[in-house]
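Visitor: I am new to this structure and should like to be guided through it. May we look at it together?

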Amino acid sequence: MKYLVTGGAGFIGSNFIFHMMKKYPEAEVICVDKLTYAGNLSTLKDVMDKPNFRFYKTDITDREAVYEVFEKEHPDYVINFAAESHVDRSIETPDIFLQTNIIGTSIMMDACRKYGITRYHQVSTDEVYGDLPLDRPDLFFTEETPIHTSSPYSSSKAAADLLVMAYHRTYGLPVTISRCSNNYGPYHFPEKLIPLMIINALHDKALPVYGEGINVRDWLYVEDHCEAIDLIIHKGRVGEVYNIGGHNEMRNIDIVKMILKELGKPESLITYVTDRKGHDLRYAIDPTKIHNELGWLPKTKFADGLKKTVEWYLNNQEWWENIISGEYQDYYDKMYTNR
Ligand code: NAD
Ligand code: DAU
């Protein structure tokens, strides 16, 4: 079998490539990635020279280049992780989110139609459901929850989901969609909450918590997400959406305090900063469907996953030091100076 993974030089895509190559050593894995600020070839160094792995530096919005890859490779499965994924960046510059997340998705599906595939899988997000109130812990996102987005990022992901369902109905493309909650783990780009807080704490720098830190996210260890996608592409029903999440809701401030404790750093590093515009209050996934239909359950408890993640950042300083020494610094100054 041949799997084409877009966005495989990013956080979840790379973890998915490692998962697939370990679990299916006979499979061929093709990575297509534009290598934006969030994509890092060094992440893939352990698989780069394997005979059953190939990397294409390709933009999914470049139709001709995408078709060329399909012409050469003829993949069986296409798993589309490639996206602009950071909500804060989408508030600053929405355009590129529309290009990659919407147009890129349609071009990937056009290639699938043209060359024929077994399955196209769209990696979506729980953010397409908008947010839930903080005072209604009884409410969860199900696959039936209406799409109701808040940010340019989530709107672009929702638009892509609608296109995926349209390609299924109109052209009979064999698709599935997964909508996962917040991931954490190795190779998480240092602009996102957990790695940013680990790295700032290690440097004894202020930890910028938005608003009062009471927003809730539903955290899942990245390997659990990869296993869920593996199940969906092979056993999930065509034309279906599957929510992925492990009932692990946490307030941002509590996560930040756990990180500080893990690193033996003082809570005085916490600094409350101006809130994100349109900041979603709470995400909480109901994973009943994927559990009942595919038997999926998360394996990693948050306390263990966070410990492993902190250790990973301690043991892989070169990986993130290379990142934060470049363009990242300009972004950081722009977003956080005098915030
Ligand atoms: P990421 O930002 O770490 O990685 C994105 C990757 O896509 C990068 O390697 C980047 O170079 C590549 N890319 C961006 N634009 C591209 C283009 N035009 N052509 C080809 N490649 C391009 O993102 P992530 O956190 O790994 O998220 C992966 C997917 O999972 C996204 O679709 C995101 O919406 C979804 N998702 C993420 C989370 C999360 O918590 N991080 C949760 C649920 C869903
Ligand atoms: O829910 C899934 C989504 O999770 C994915 O679709 C997105 O691609 C992914 O980036 C993530 O989005 P969030 O906006 O939830 O993640 P982020 O790490 O940016 O922020 C998590 C929470 O922490 C959020 O409530 C904002 C807050 N935050 C974030 C940063 C970067 C802070 O308080 N301070 C910060 O400096």
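**Two ligands and a sheet**

Guide: This is a predicted model. Around ligand 2 there are 24 residues, of which the nearest are Asp126, Tyr153, Arg276, His279 and Tyr336.

Visitor: Which residue has an N or O atom in its side chain 2.5 Å from an oxygen atom of ligand 2?

Guide: Several side chains offer polar atoms to the oxygen atoms of ligand 2. For Asn182 the distance is 2.8 Å, and for Tyr336 it is 2.6 Å. The residue at 2.5 Å is Asp126.

Visitor: How much of the accessible area of ligand 2 does the protein cover?

Guide: On its own, ligand 2 has 700 Å² of accessible area. The part of this area covered by the protein is 94%.

Visitor: Which elements give two or more residues to the shell around ligand 2?

Guide: By class, the residues of this shell are ten nonpolar, eight polar and six charged. Two elements each supply two or more of the shell residues: α7 (193-202) and β8 (207-210).

Visitor: Which residues come nearest to ligand 1?

Guide: The surroundings of ligand 1 comprise 28 residues. They divide into twelve nonpolar, twelve polar and four charged. Those that come nearest are Ile12, Asp33, Ser85, Tyr153 and Lys157.

Visitor: Which residue has a side-chain N or O atom 2.6 Å from an oxygen atom of ligand 1?

Guide: Some of the polar atoms facing ligand 1 belong to the backbone. Phe81 has a backbone N or O atom 3.0 Å from a ligand oxygen, and a polar backbone atom of Val123 is 3.5 Å from an oxygen atom of the ligand. The side-chain atom at 2.6 Å belongs to Asp33.

Visitor: What share of the accessible area of ligand 1 does the protein cover?

Guide: Ligand 1 by itself has an accessible area of 830 Å². The protein covers a share of 96%.

Visitor: Which element gives the most to the shell around ligand 1?

Guide: The elements that contribute two or more residues are α1 (11-23), β5 (119-125) and α6 (152-171). With three residues, the element that gives the most is β5.

Visitor: Which are the edge strands of the open sheet?

Guide: The sheet has seven strands with parallel pairing, in the order β3-β2-β1-β4-β5-β6-β11. From one strand to the next, the twist averages 20 degrees. An edge strand here pairs on one side only, and this applies to β3 (53-57) and β11 (240-244).

Visitor: Which residue in β2 stands opposite Val5?

Guide: Strand β1, residues 2-6, pairs with strand β2, residues 28-33, in the parallel sense. Five bridges make up this pairing. Opposite Val5 stands Cys31.

Visitor: At about what angle to β5 does helix α8 run?

Guide: Helix α5 (residues 95-115) packs on the sheet, where it touches β1, β4 (77-80) and β5, and its direction makes about 165 degrees with that of β5. Helix α8 (residues 222-235) lies across β1, β4, β5, β6 (175-180) and β11. The angle of α8 to β5 is about 145 degrees.

Conventions. Residues are numbered from 1 along each chain as its sequence is written. Chains are lettered from A and ligands numbered from 1 in the order in which they are written. This is a predicted model: local features need pLDDT of at least 70, side-chain atom pairs count only at pLDDT 80 or more; totals for chains, interfaces and linings use all residues. Side-chain values use heavy atoms; hydrogens and water are left out. A residue is near a molecule or strand if one of its heavy atoms lies within 4 Å of it. A polar contact is a pair of N or O atoms within 3.5 Å; within protein, one must be able to donate a hydrogen and the other to accept it, and residues adjacent in sequence count only if both atoms are side-chain atoms. Accessible areas come from the Shrake-Rupley method with a 1.4 Å probe; for residues, only the protein chains shown count as cover. Helices (H or I, at least four residues) and strands (E, at least two) are DSSP runs, numbered from the N terminus. Ala, Val, Leu, Ile, Met, Phe, Trp, Tyr, Cys and Pro count as nonpolar, Asp, Glu, Lys and Arg as charged, and the others, Gly among them, as polar. Two strands pair if DSSP finds at least two bridges between them. Axes are lines fitted to C-alpha atoms, for helices over the stretch in contact, and angles run from 0 to 180 degrees between N-to-C directions. Contact means heavy atoms within 4.5 Å.
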